[in-house]
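Me: Please take a close look at one part of this model, the sheet and what packs around it. Keep the sentences short.

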Amino acid sequence: LGGEQSGHTIFTDYATTGDGQLTALQFLDVLARSGKKASELASVCPQYPQVLLNVAVSHERGVKDAIMASDALSAAIAEEEGRVLVRPSGTEALIRVMVEAKTEQIALLAAENLVNVIKML
């Protein structure tokens, strides 16, 4: 499960792009099974400052997949503080790097570090 500032929530078991109706159905399923109020469920998800950076990559077929499969990228993600989502754009020759952290400065530094790793691949 990943999310973006745009409001996209991505459930990779069901789709590779954001889908509002799928998000609503998943939330309603959790709500029904939990027996809790929606406000109670939402309260367990702390909100942090978020930074989203895009890295332009080649249009060449397979480039995004190779970057995403890179051990160097996986290791760099594991080292960062905060919540990290790195994913290929479904519509553009971009890798999207989203980081949420306790401060915007921490999030920006982590995102910039990951962008630099991607540019070296």
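Reply: The overall fold comes before the sheet, its residues and the core.

This is a predicted model, in which local features need pLDDT of at least 70 and side-chain atom pairs count only at pLDDT 80 or more, while totals for chains, interfaces and linings use all residues. Residues are numbered from 1 along each chain as its sequence is written, and side-chain values use heavy atoms, with hydrogens and water left out.

The protein has five helices and five strands. Here helices (H or I, at least four residues) and strands (E, at least two) are DSSP runs, numbered from the N terminus. Their sequence pattern reads β-β-α-α-β-α-α-β-β-α. Along the principal axes, the C-alpha atoms fill a box of roughly 50 × 30 × 25 Å. Of the 121 residues, 30% are buried. Buried means under 20% relative accessible area, exposed over 50%, and partly exposed in between (1.4 Å probe, protein chains only).

Now the sheet. Three strands make an open sheet, ordered β3-β5-β4, with antiparallel pairing. Two strands count as paired if DSSP finds at least two bridges between them. At the edges lie β3 (50–56) and β4 (83–88), each of which pairs on one side only. Neighbouring strands are turned by 15° against each other on average, direction ignored. Those angles are taken between N-to-C directions and run from 0 to 180 degrees; the axes are lines fitted to C-alpha atoms, for helices over the stretch in contact.

β4 and β5 form a hairpin, with five residues between them. β5 covers residues 94–100 and pairs with β4 in the antiparallel sense over six bridges. Leu-85 stands opposite Met-98 in β5.

Two charged-type names deserve a stop, Glu-100 and Arg-87. Glu-100 is found in β5. Its relative accessibility is 15%, so Glu-100 counts as buried. The Glu-100 side chain makes a polar contact with the side chain of Gln-50, at 2.6 Å. A polar contact is a pair of N or O atoms within 3.5 Å; within protein, one must be able to donate a hydrogen and the other to accept it, and residues adjacent in sequence count only if both atoms are side-chain atoms. Leaving out residues up to four places away in sequence, Glu-100 touches Tyr-48, Pro-49, Gln-50, Glu-81, Gly-82, Arg-83 and Ala-107. Contact means heavy atoms within 4.5 Å.

Arg-87 lies in β4. Arg-87 is also buried, with a relative accessible area of 15%. Between Arg-87 and Thr-16 there are 9.9 Å, C-alpha to C-alpha, although they are 71 residues apart in sequence.

Next, the core. The largest nonpolar core has 19 residues, and those with the most contacts inside it are Leu-73, Val-86, Ile-95, Val-97, Val-99, Leu-114 and Ile-118. Such a core is a set of buried Ala, Val, Leu, Ile, Met, Phe, Trp, Tyr and Cys residues joined through side-chain atoms within 4.5 Å. Two or more residues each come from β3, α4 (71–79), β5 and α5 (104–120). The largest share, seven residues, belongs to α5. Beyond its neighbours within four places in sequence, Ile-118 is in contact with Val-55, Ile-67, Leu-73, Val-86, Ile-95 and Val-97.
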